Amino acid sequence: MRPLPRIFFSDLDGTLLDDDGSLHADTVLAFKELAARGTRIVLASGRIPLNMVEVCETLELEGPQITMNGALVCSPLTGEVVAGHSLDESAVREHLRFAEQRDLPAVLAFPDGYKTQDLRPVRRDFDAQLPEEVPDLDELARSRPFKTYLMTGPDRFRGVLADAYELFDGRYHVTSGGNDISVEVLHIRANKGAAAAALAASMGVPMSEVAAAGDGLNDLELLRAAGVSIAMPEAPEQLRRAATHVAPPRSTGGLVRAVEELFPV
């Protein structure tokens with residue numbers, strides 16, 4: 001029998017949560033049972049901490065969680081910060097210049113919300129709470145965000161992603177949350193895998209004794225690092241190849257069934 005993981009890192013959207021963004025009762029029960037058996041549950045999400053509070057409350061997760069794709073490790077419930085990689089003024093200016101040259105809206109992410117220079121092109125497509133409009137470029141550049149969203153829409157997503165990979169290679173971490181409507185640019189050391197490894201090390205847990213689950217490009221480093229990794233069936237091929245297991249379809253249990261099969265009582 002496979003030993004229980006000492007830590008289970010789980011992505012939220014597209015993985016732990018249903019398609020409508022809700023946390024199914026069966027999922028709550030399965031992960032609370034896993035926790036009761038001794039596994040520490042840690043969320044690893046692209047969301048800002050503010051938008052992780054409800055899930056943390058439901059699953060009773062008071063400790064540090066991986067937020068904003070690894071750019072900030074903190075407790076969404078208490079605000080306690082363990083580690084963070086914010087973007088300095090020169091980085092923000094470069095990201096905004098990249099967006100302007102391609103006529104793309106850009107949104108900056110913070111622990112408690114978002115900011116953008118012009119709200120009008122963002123208003124329709126941004127799927128979280130609306131950003132604060134900050135017309136002053138200098139003020140925006142000095143605001144120390146934790147990541148930059150480049151709002152591509154589905155038609156331009158792959159082209160902009162390729163451009164960002166090429167231009168920012170080795171200087172920033174470029175990824176996507178799996179929705180194919182935005183490219184995300186972060187500090188070069190900010191990713192879920194690095195954040196998970198650092199958090200596990202602080203608890204004295206080797207990554208070989210960790211499990212992880214995800215569905216998007218932003219989960220790639222995390223799934224590669226974990227001893228047991230679960231990709232959702234809808235995940236990109238690259239992610240499914242990196243995982244040790246692929247979850248069954250949601251219609252037959254999805255992540256919950258994968259957890260039950262891998263770590264039976």
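In this predicted model, Arg 102 lies over the face of Phe 98, at 3.7 Å from the ring centre. Phe 98 is a useful point of entry, for this residue also takes part in aromatic packing: Phe 98, Phe 168 and Tyr 172 form one aromatic cluster. The count of aromatic pairs comes to 4. Among them is the pair of Phe 98 and Phe 168, which is tilted, with 5.1 Å from centre to centre and 45 degrees between the planes. Phe 98 belongs to helix α4 (residues 89-101) and Phe 168 to helix α6 (residues 153-168), so the pair ties together parts that are 70 residues apart in sequence. Both Phe 98 and Phe 168 are buried.

A charge is also placed over a ring at Phe 110, where the charged end of Lys 115 sits 5.0 Å from the ring centre.

The nonpolar interior may be considered next. The largest nonpolar core comprises 28 residues, and those with the most contacts inside it are Phe 8, Leu 16, Phe 31, Leu 43 and Leu 255. At least two residues of this core come from each of the helices α1 (12-16), α2 (25-36), α3 (53-59) and α10 (254-262), and likewise from each of the strands β2 (40-43), β12 (210-214) and β13 (228-231). Helix α10 gives the most, with 5 residues. The surroundings of Leu 16 can be listed in detail: when residues up to four places away in sequence are not counted, Leu 16 touches Ser 10, Asp 11, Leu 23, Thr 27, Phe 31, Leu 43, Val 55, Leu 59 and Leu 255. Three of these contacts, Phe 31, Leu 43 and Leu 255, are themselves named among the residues with the most contacts inside the core. A second, separate core of 23 residues includes Phe 110, Ala 141, Val 160 and Val 185. Phe 110, whose ring lies under the charged end of Lys 115, is thus a member of this second core.

The cysteines remain to be described. A disulfide is a covalent bond between the sulfur atoms of two cysteines. The count of disulfides in the model comes to 0. Why does Cys 56 form no bond with Cys 74? The sulfur of Cys 74 is the closest cysteine sulfur to that of Cys 56, yet the separation is 8.7 Å, which is too far for a bond because the cut-off requires the two sulfur atoms to be within 2.5 Å. Cys 74 is accordingly in no disulfide, its nearest cysteine sulfur being that of Cys 56. Cys 56 counts as buried, because its relative accessibility is 0%. Cys 74, at 3% relative accessibility, also counts as buried.

How values were computed:
Residues numbered from 1 in each chain as written. Predicted model: local features only at pLDDT ≥ 70, side-chain atom pairs only at ≥ 80, totals over all residues. Heavy atoms only, no water. Core = buried A, V, L, I, M, F, W, Y, C linked by side-chain atoms within 4.5 Å. Buried < 20%, exposed > 50% of the residue type's maximum accessible area, 1.4 Å probe, protein only. Helix = DSSP H or I, 4+ residues; strand = E, 2+ residues; numbered from the N terminus. Contact = heavy atoms within 4.5 Å. Phe/Tyr/Trp six-rings, centres within 6.5 Å; stacked < 30°, edge-to-face > 60°. Lys NZ or Arg CZ within 6 Å of the ring centre and 35° of its normal.
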